[in-house]
Amino acid sequence: MTTAKVGTLLRDWRERRGISQLELAGRADSSSRHISFVENGRSRPSEEMVLRLADHLDVPVRDRNALLLAAGYAPRYPHTPLDDPSMGVLREGLERLLTGYEPYPALVVDGTYTVVAANRGIAMLMDGLPEHLLAPPLNAMRLTLHPEGLAPRIHNLREWRGHLLDQMDRQLALSRSAPLRALYEEVAAYPVADRQDGHGSGAHGAGTYGAGAVEPEDAVPYIALPLRIEHDGQLLSFVSSISTFNTPMDVTVAELAVETLLPADPATAKYLHSLTS
C-alpha cells in the first residue's frame with residue numbers, strides 16, 4: 001500500500017509537469033519500465049530514487065518530505081520555525097537586508113504571502129489602512145488587493161491585480177498548497193472598481209481615479225510592469241523583484257521570498273528620500 005501511494009504521488013507530479021515516463025527515466029538515469037513499476041506500485045523506489053525523481057520533477061521541499069513518508073522513509077528536510085534560536089543568523093541577515101534597502105519598500109513573505117518582516121518603506125505605503133487588515137498575521141496579497149486595503153490607491157489596479165493573480169496561479173501549478181489555493185480564491189473574488197489610470201495602457205472604465213495625484217513631470221519608459229500607487233497626493237511608480245534562497249534544505253527557508261520595490265522613475269526616488277531627510 002505504501003508503494004502504491006508514493007507511486008500515485010509521483011505520477012501526479014510527473015503529469016503536472018507534462019513529462020513522459022521515458023523522458024523522466026532519461027533525466028533520472030533510470031528506465032521507463034522502472035518508472036512504470038514505481039508508479040503502479042509494483043516496485044518500491046529507494047530513498048535516493050525518490051529524491052532524484054523529486055529533483056527532476058521540481059517538487060517543492062515540503063512535498064518532498066511527503067513523498068519520502070509515502071515511500072516509508074523519514075522526512076529529509078526539517079521545518080524550523082523562523083523564531084527558533086537556530087534561525088537567528090537568518091533573521092538578522094534578513095533584517096539587515098530590509099533596513100539597508102530603505103527608504104525603498106521591501107518585505108519578506110512565506111509560501112502563503114504572510115508577511116514575516118518588512119521595512120519602513122512598506123510601513124509608509126500601508127499608512128492609514130484599517131486596523132482589521134493590519135492585525136497580525138499580515139498578508140501581502142490581502143493588504144494589496146482588498147477593497148479597503150491598498151487597492152483604491154493603485155492607479156493601474158487591474159493590471160497589477162492580474163500580475164499578482166498570475167503569480168499565485170504559477171505557484172499553485174508548482175505546489176499542492178491548500179492554504180494558498182484558499183487565499184487565491186479569496187483575493188480573486190474581491191470586487192474591482194472600473195478606473196482609468198490616465199497613463200499609458202493601464203486605462204479601464206470611464207472615470208478617472210486619483211486625478212488629484214501629482215504626476216511626475218517627465219515620463220520615463222518602464223522596464224517592467226510598474227506598481228503605480230498614490231501616497232499622500234503623490235503618484236509613485238515601482239518595479240518589483242522577488243528573491244528566494246538557492247538549494248534550500250529547510251521547508252521554512254524554501255518558502256521564504258524577499259520582494260523589493262525599486263523606484264521606476266526619478267520622481268519616486270526623490271520623494272522617498274525626501275521622507276527620510
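Where does T247 lie? The answer is the loop between β4 and α12 (251-254), where helices (H or I, at least four residues) and strands (E, at least two) are DSSP runs numbered from the N terminus. The model is predicted, so local features need pLDDT of at least 70 and side-chain atom pairs count only at pLDDT 80 or more, while totals for chains, interfaces and linings use all residues. Residues are numbered from 1 along each chain as its sequence is written, and side-chain values use heavy atoms, with hydrogens and water left out.

The protein chain holds 13 helices and 5 strands. Of its 277 residues, 44% count as buried; here buried means under 20% relative accessible area, exposed means over 50%, and partly exposed covers what is in between (1.4 Å probe, protein chains only). Among contacts with a separation of 6 or more, 57% join residues 24 or more positions apart, a contact being heavy atoms within 4.5 Å.

It helps to turn next to the backbone. Most residues other than glycine have a negative phi, and most peptide bonds are trans. T247, although not a glycine, has a positive phi of about 45°, and at 68% relative accessibility this residue counts as exposed. D29 is also not a glycine and has a positive phi of about 55°. D29 sits in the loop between α2 (21-27) and α3 (32-39) and is exposed, with a relative accessibility of 68%. A further positive phi, of about 55°, belongs to D58, just after α4. In helix α4 itself (residues 47-56), the buried residues are M49, V50, L51, L53 and A54. Cis peptide bonds appear as well: one runs from E102 to P103, with omega near 15°, and P103 belongs to the loop between α6 (88-101) and β1. Another joins P136 and P137, with omega about 0°; P137 is placed in the loop between α8 (131-134) and α9.

The strands come next. Strand β1 (residues 106-109) is covered on both faces, with A106 and V108 buried on one side and L107 and V109 buried on the other. In a regular strand the side chains alternate between the two faces of the sheet. Strands are taken to pair if DSSP finds at least two bridges between them. By that rule, β1 pairs with β5 in the antiparallel sense over 4 bridges, and with β2, also antiparallel, over 3 bridges. V109 faces A257 in β5 and V115 in β2. The hairpin of β1 and β2 has 5 residues between the strands, and Y113 in the turn shows a positive phi of about 65°.

A second hairpin is made by β3 and β4, with 2 residues between the strands and a positive phi near 50° at D232. These strands, β3 and β4 (residues 234-243), pair in the antiparallel sense over 5 bridges, and E230 has L235 in β4 as its bridge partner. Strand β3 (residues 227-231) is largely enclosed by the rest of the structure, because 4 of its 5 residues are buried.

Strand β5 (residues 257-263) includes L262, which is partly exposed at a relative accessible area of 40%. Leaving aside neighbours within four places in sequence, L262 is in contact with Y101, S237, F238 and V239. L262 and P226, 36 residues apart in sequence, have C-alpha atoms 9.5 Å apart. Y101 in turn forms an edge-to-face aromatic pair with Y104, at 5.7 Å centre to centre and 75° between the planes. Rings of Phe, Tyr and Trp (its six-membered ring) pair if their centres lie within 6.5 Å; planes under 30 degrees apart count as stacked, over 60 as edge-to-face and the rest as tilted. The count by this rule is 1 aromatic pair. Y101 is partly exposed, at 21% relative accessible area, whereas Y104 is buried, at 18%.

Finally, the empty space. A search of the whole structure finds 2 cavities of 30 Å³ or more. On a 1 Å grid over the protein atoms alone, a cavity is a set of points where a 1.4 Å probe fits but cannot get out, and lining residues have an atom within 4 Å of a point. Grid points are joined across faces, edges and corners, and a volume is the space filled by probe spheres set on the points. The largest cavity encloses about 290 Å³. Its lining has 20 residues, with L107, I122, A140, T144 and L150 the closest to its centre.

Conventions: 1 Å grid on protein atoms, 1.4 Å probe; cavity = no way out; pocket = protein on both sides within 12 Å on 5 of 7 lines; lining within 4 Å.
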